[in-house]
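User: Please take a close look at the annotated active site and the parts around it. I want the local setting, the neighbours and how far to trust the picture.

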Amino acid sequence: MTTPAYSPGLEGVVAGETAICTVDGGLSYRGYGVGDLSAHCSFDEVAYLLLYGELPAAGQLKEFQTRVAAARRLPAPLKELLAALPKWTTPLDALRTAVSALGHFDQDAADNSRDANLRKAERLLAQIPVVIADHYRIAKGLPEVLARQDLPHAANFLYMLRGAEAAPAEVKALDVSLILYAEHEFNASTFAARVIVSTLSDLHSGVTGAIGALKGPLHGGANEKVMDILLATGGPDRAEDWTRAALARKERIMGFGHRVYKTGDVRAGILKTYARTAAEANAARAGENDPLKWEDTADIIERVMAAEKNMFPNLDWPAGRLYHAMKLEIPLYTPIFAMSRISGWAAHVIEQLDNNRLIRPRALYKGPAARSVKPLAERGEQSAG
Ligand SMILES: CC(=O)SCCNC(=O)CCNC(=O)[C@H](O)C(C)(C)COP(=O)(O)OP(=O)(O)OC[C@H]1O[C@@H](n2cnc3c(N)ncnc32)[C@H](O)[C@@H]1OP(=O)(O)O
Ligand SMILES: O=C([O-])CC(=O)C(=O)O
């Protein structure tokens with residue numbers, strides 16, 4: 001047997017084929033550049049594109065939105081479960097548990113046909129924002145807000161969370177962030193979902209595992225850490241010294257760097273404008289006198305990171321700031337990523353199952369050489385590996 005090539009972290013390894021997305025030559029979903037999609041489409045259209053392969057015509061979009069809106073409700077026992085979770089449960093952990101539980105209530109759960117997976121994907125697309133908003137309101141002791149049938153994905157989420165309709169500019173900014181978060185080829189959470197369903201497991205299992213992978217701060221969890229970093233600097237006056245000191249301590253500045261993008265992430269550039277505009281608008285509304293404090297702080301950190309590390313922002317960097325400017329609480333940021341990425345995860349699960357082969361790579365063995373077992377009575381104590 002020949003020894004297969006080994007690449008730590010699978011860097012640069014082509015682990016499968018996809019027709020959903022490419023990061024080569026600028027990020028595109030099914031052939032459409034993300035700049036074009038975020039300028040001309042809504043998240044609902046992009047979710048349809050990812051799931052069905054083509055942008056919807058007006059009638060198809062309406063039918064899709066109607067189906068999704070009708071599925072915006074949770075089984076009563078799941079609401080009870082959300083209320084029964086320990087009070088320290090994070091919103092992302094609650095979401096992971098809820099998606100797993102939703103599998104029990106979905107009549108198509110065990111059906112891995114393409115049609116059933118599309119039906120389940122639409123339902124999860126509808127249910128995930130409801131889980132996030134319901135858990136948030138339960139944890140705060142606030143009354144439940146029922147989903148609206150007449151609002152698109154982003155607008156309905158903000159409505160359920162706050163109990164009031166959001167301003168159009170806020171809805172647009174959130175919507176653009178959802179478009180940019182929707183899909184990204186073989187990132188860790190999507191790959192996790194594909195590995196899971198490659199055993200012929202089911203969509204809910206794949207998405208539950210994907211949420212677990214998204215949680216980590218090297219992936220989706222980074223968007224929550226971004227604001228921790230900005231707040232820790234104290235503001236523009238101390239941002240440069242703080243960043244240099246953090247780098248000297250060999251700390252990672254969350255929101256920077258990327259496994260694939262080494263000269264910058266196109267999505268970060270698109271969302272930066274929305275983060276800045278939201279900061280100006282929302283601070284003005286709240287009567288704050290330094291609306292661009294965190295945007296200016298971010299600019300300084302960007303300059304230091306480029307000069308010291310030749311490292312550039314990824315999408316989480318402006319997304320964390322945008323959500324903060326919208327006065328959303330930090331533990332909601334990674335769940336918001338999930339409420340978008342469900343469209344990409346589901347598209348990949350369907351694509352994997354359309355042409356499935358078990359994903360089972362090899363490991364390079366680094367353990368002890370072959371040896372014989374000594375009878376128990378003859379073994380001395382040895383410290384574990
Ligand atoms: C939407 C998304 O999920 S995008 C990713 C979001 N994640 C983050 O923002 C977390 C911060 N960034 C990182 O940890 C990394 O850049 C990753 C995990 C995203 C990509 O990592 P890789 O390309 O595999 O690089 P790797 O982790 O091997 O790091 C290489 C070197 O760069 C350093 N480095 C990488 N990212 C950063 C960072 N953000 N800040 C400071 N140093 C960094 C590492 O410490 C390491 O240094 P060393 O060689 O001296 O040990
Ligand atoms: O591709 C990656 O490794 C992470 C990422 O940017 C994403 O999932 O959007």
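Analyst: Ser198 counts as partly exposed in this predicted model, because 18 C-beta neighbours lie inside 10 Å and a buried residue needs 20 or more. Ser198 sits in the loop between helix H9 (188–197) and helix H10 (203–214). Leaving aside residues up to four places away in sequence, Ser198 touches Gln352, Asn356, Arg357, Leu358 and Ile359. Ser340 is another matter: Ser198 and Ser340 are 142 residues apart in sequence and 23 Å apart in space, C-alpha to C-alpha.

Now the active site. The unreviewed UniProt entry places the feature "active site" at His258 and Asp316. They span 59 residues in sequence, but no two of their C-alpha atoms are more than 10.6 Å apart, so they gather at one spot.

Take His258 first. This histidine is in the loop between helix H12 (236–248) and helix H13 (266–286). His258 is partly exposed, because 19 other C-beta atoms lie within 10 Å and the cut-off for buried is 20 or more. Not counting residues up to four places away in sequence, His258 touches Asp265 and Asn314.

Asp316 has another setting. It belongs to helix H15, residues 316–325. Asp316 counts as buried, because it has 29 C-beta neighbours inside 10 Å. Its contacts, again without residues up to four places away in sequence, are Ala222, Asn223, Val226, Met254 and Gly255.

Next, the ligands. His258 is among the residues around ligand 2. The others around ligand 2 are His184, Asn187, His219, Arg259, Val260 and Asn314. By class, the shell of ligand 2 holds 5 polar residues, 1 nonpolar and 1 charged. So which residues lie closest to ligand 1? They are Ala222, Arg252, Phe256, Gly257 and Asn314, out of 18 residues that surround ligand 1. That shell splits into 7 nonpolar, 7 polar and 4 charged residues. Two names link back to the active site. Asn314 is a contact of His258, and it also appears around ligand 2. Ala222, close to ligand 1, is a contact of Asp316.

Two backbone details belong here. Lys250 shares the loop between H12 and H13. Its phi is near 65°, a positive value in a residue other than glycine. Lys250 counts as exposed, because it has 6 C-beta neighbours inside 10 Å. Glu185 is the second case, with a positive phi of about 50° although it is not a glycine. Glu185 lies in the loop between H8 and H9. With 18 C-beta neighbours inside 10 Å, Glu185 counts as partly exposed. For context, most residues other than glycine have a negative phi.

Step back to the domains. The chain is divided into domain 1 (15–215 + 344–355) and domain 2 (223–326). Their C-alpha centres lie 26 Å apart. Domain 1 puts 13 residues into the contact, and domain 2 puts in 12. On the domain 1 side, helix H1 (34–40) and helix H8 (168–181) are the elements that give two or more residues. H8 gives the most, with 7 residues. This side of domain 1 has 8 nonpolar, 4 polar and 1 charged residues.

H8 also takes part in packing with helix H7. H7 covers residues 153–162 and is mostly covered, with 9 of its 10 residues buried. Among the buried ones are His153, Asn156, Phe157 and Tyr159. They pack against helix H2 (43–52), helix H6 (114–139), H8 and helix H16 (333–354). After H7 comes Gly163, with a positive phi near 75°. H2 is mostly covered too: 8 of its 10 residues are buried. Those include Phe43, Asp44 and Tyr48. Gly53 follows H2, and its phi is positive, near 95°.

How far to trust it? The chain averages a pLDDT of 96, and 97% of the residues score at least 70. For the complex, the predictor gives an ipTM of 0.99 and a pTM of 0.97. Where pLDDT is low, the predicted coordinates should not be read in detail.

Note on methods:
Residues numbered from 1 in each chain as written. Chains lettered and ligands numbered in written order. Predicted model: local features only at pLDDT ≥ 70, side-chain atom pairs only at ≥ 80, totals over all residues. UniProt positions renumbered as here; feature names shortened; annotations may be inferred. Helix = DSSP H or I, 4+ residues; strand = E, 2+ residues; numbered from the N terminus. Buried ≥ 20, exposed ≤ 12 C-beta atoms within 10 Å, placed from the backbone. Contact = placed C-beta atoms within 7 Å. Near = placed C-beta within 6 Å. Nonpolar A, V, L, I, M, F, W, Y, C, P; charged D, E, K, R; others polar. Domains from an automatic or database assignment. pLDDT = per-residue confidence, 0-100.
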